[in-house]
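Dear colleague,

I am passing on to you the structure we spoke about, with the sequence and the model placed just below. After it you will find some notes on its charged side chains, written for someone who is opening it for the first time.

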Amino acid sequence: MAVVSSAHSSIFSKTSLFHHMNCFKRFSFCLPFSSSAAASLSTKKKWRQPVASSVVELCGIKIAKDDVVRDDPTNNIPDTIFSKLGMQLHRRNNHPLGILKNGIYEYFDTNYPNMFDKFDDLCPIVSVKQNFDDVLVPADHVSRSYNDTYYVDSQTVLRCHTSAHQAELLRRGHTHFLVTGDVYRRDSIDSTHYPVFHQMEGVRVFTPDNWEASCLDPTSYAAEDLKKSLEGLARHLFGAVEMRWIDAYFPFTNPSYELEIYFKEKWMEVLGCGVMEQEILKSNSRLNSVAWAFGLGLERLAMVLFDIPDIRLFWSIDERFTSQFSEGQMGVKFKTFSKYPPCYKDMSFWINESFTENNLCEVVRGVAGDLVEEVSLIDNFTNKKGMTSHCYRIAYRSMERSLTDEEINELQWNVREQVQNKLNVVLR
Ligand code: PHE
C-alpha cells in the first residue's frame, strides 16, 4: 500500500516544508489570507449545507456553530469541519482509533507503571499562541497560513497538532504525559488525507538526578531514553520489525528524528520526535530539566495495522465497518465489504493568482462530502498570454453503496458551479 506511508506526514518537518514552500513559489500571491478564501466567505451563506446540530459540546462547554463558522474575513471554517467537532473518534473503545490509543496506553502503563498522565479531552479550539508561539513555530512559517490552518478568528485556530498542549501541561506541573486528540489541517484530497485526523503526543521531563548517574550530557541522555522508549512502542505495535532513525527538523525539538519501520516491504514513517527545545522548558517553569517529545498520527498507523484502505472509513457509521472492531482487539484485519467502482469527472479552468489546491478541495468536499475519494491535477499549462489552466480529475466513490450516474452528474454540476463562484476561476 504505497499510499499509506504518505498519510499526514508532518508539516513541520523539512521535506514537507519545502513542499509547501514550492506551492508558495508557484502561487506567489498566496498571502496568509487569500482573496479566494475571501470570495468563498462572501458567498458562504448561500452555499452552506445543512448540518444536524448547531451546538456542540467540547470538553464540557457548549459551543454554538455561529461562534466557530462565521462570515468574517478572519474565519475560514466550513460547515463540514464544524460537524466533526466533538466527534472524538479516539475516545470510542470499539473504534480502530480508540483501540490503537488504548494499545499505546497499554505499552506505557506496562513499562512505566503510573507514570504518564493521560489527556484525551482537551479542547481542539486553541489560541494561535498555544498552537504556534508556545512551541516556537517561526512567525513566517507556512503552517500558520490561512491556506494550511483553520482559523476561528485571527487569534484562535483549530489545533493543527497536539503539540499545542505541551506548554500548558508543563506549566500545570505535568512531567510525563500523553495527549490524544483530533487535529485539523487544510489539505488536498486522497485516500490518506482528510482535513480532520488524530494525533498522540508524548512528553517526558527529566531532572538532574536522572542524567547525573549516567555518564551522558542531559541532551544525549534524553535522546537515548527517547529512542529506547519509542523502539519499544514500535515493537509493541508492529512486532519484531526492522527500524531506522532519520534526522528531521521540528521547530520545537533539537535534535529531531523520525522513526521508520520496515513493514510490508517498505520503509514507513511512524512518528516524529526529539529533545524538547530548552526555551520551551524555561518558559514553562522547568529550569534545570531536559525533556523528550514525540507526536504520531493515529490514522496512519491504524490504516496499516488494521488494513484500512481509505481514511474516510474511520468516519463511517456503516455497521459493516463498525462491527468489525472491538475493544482490545489490536490489528484485526478489516475485510472490505464491497468494492464499488469509482467514477471520474474532469474539470478544467483558468486559475487566478490566489488559487490554491486546498481551497479547491474544500469546495469539492463542501459539495460531495465523503463521496469524493481523490482530487488530482492531471494537466497544467500556461498559454502565450500567461494564463494558466489546470485540469483536475475528481474521483467519486462511496465506501458504502453504488452511486447512480444521475447522482454523480448532479454533484459534478454543483462542484463546477461552486468552484466558479467561490474561487473566481474561469471554467473552460
Ligand atoms: N507536532 C509534530 C507534527 O505534527 C510532531 C512532533 C511532536 C514532532 C513532538 C516532535 C515532537 O508533525
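A good place to begin is with Arg 91, Lys 101, Asp 120 and Asp 121, which are joined to one another in a network of salt bridges. Please keep in mind that the model is a predicted one, and that it contains 23 salt bridges.

Among these, the pair formed by Arg 186 and Glu 362 deserves a careful look, with its closest N and O atoms 3.1 Å apart. This pair connects distant parts of the chain, since Arg 186 lies in the loop between strand 7 (176-184) and strand 8 (196-206), while Glu 362 belongs to helix 14 (residues 357-368), and the two are 176 residues apart. Arg 186 is buried, at 7% relative accessibility, and Glu 362 is buried as well, with a relative accessible area of 18%; both count as buried because the term applies under 20%.

In the salt bridge between Asp 134 and Lys 129, the N to O distance is 3.0 Å. Here Asp 134 is buried, having a relative accessible area of 14%, whereas Lys 129 is partly exposed at 44% relative accessibility.

Lastly, Glu 57 and Lys 62 form a salt bridge in which the closest N and O atoms are 3.3 Å apart. Glu 57 is partly exposed, with a relative accessibility of 47%, while Lys 62 reaches a relative accessible area of 60% and is therefore exposed, the cut-off for that term being over 50%.

With best wishes

Note on methods. Residues numbered from 1 in each chain as written. Predicted model: local features only at pLDDT ≥ 70, side-chain atom pairs only at ≥ 80, totals over all residues. Heavy atoms only, no water. Salt bridge = Lys/Arg side-chain N within 4 Å of Asp/Glu carboxyl O. Buried < 20%, exposed > 50% of the residue type's maximum accessible area, 1.4 Å probe, protein only. Helix = DSSP H or I, 4+ residues; strand = E, 2+ residues; numbered from the N terminus.
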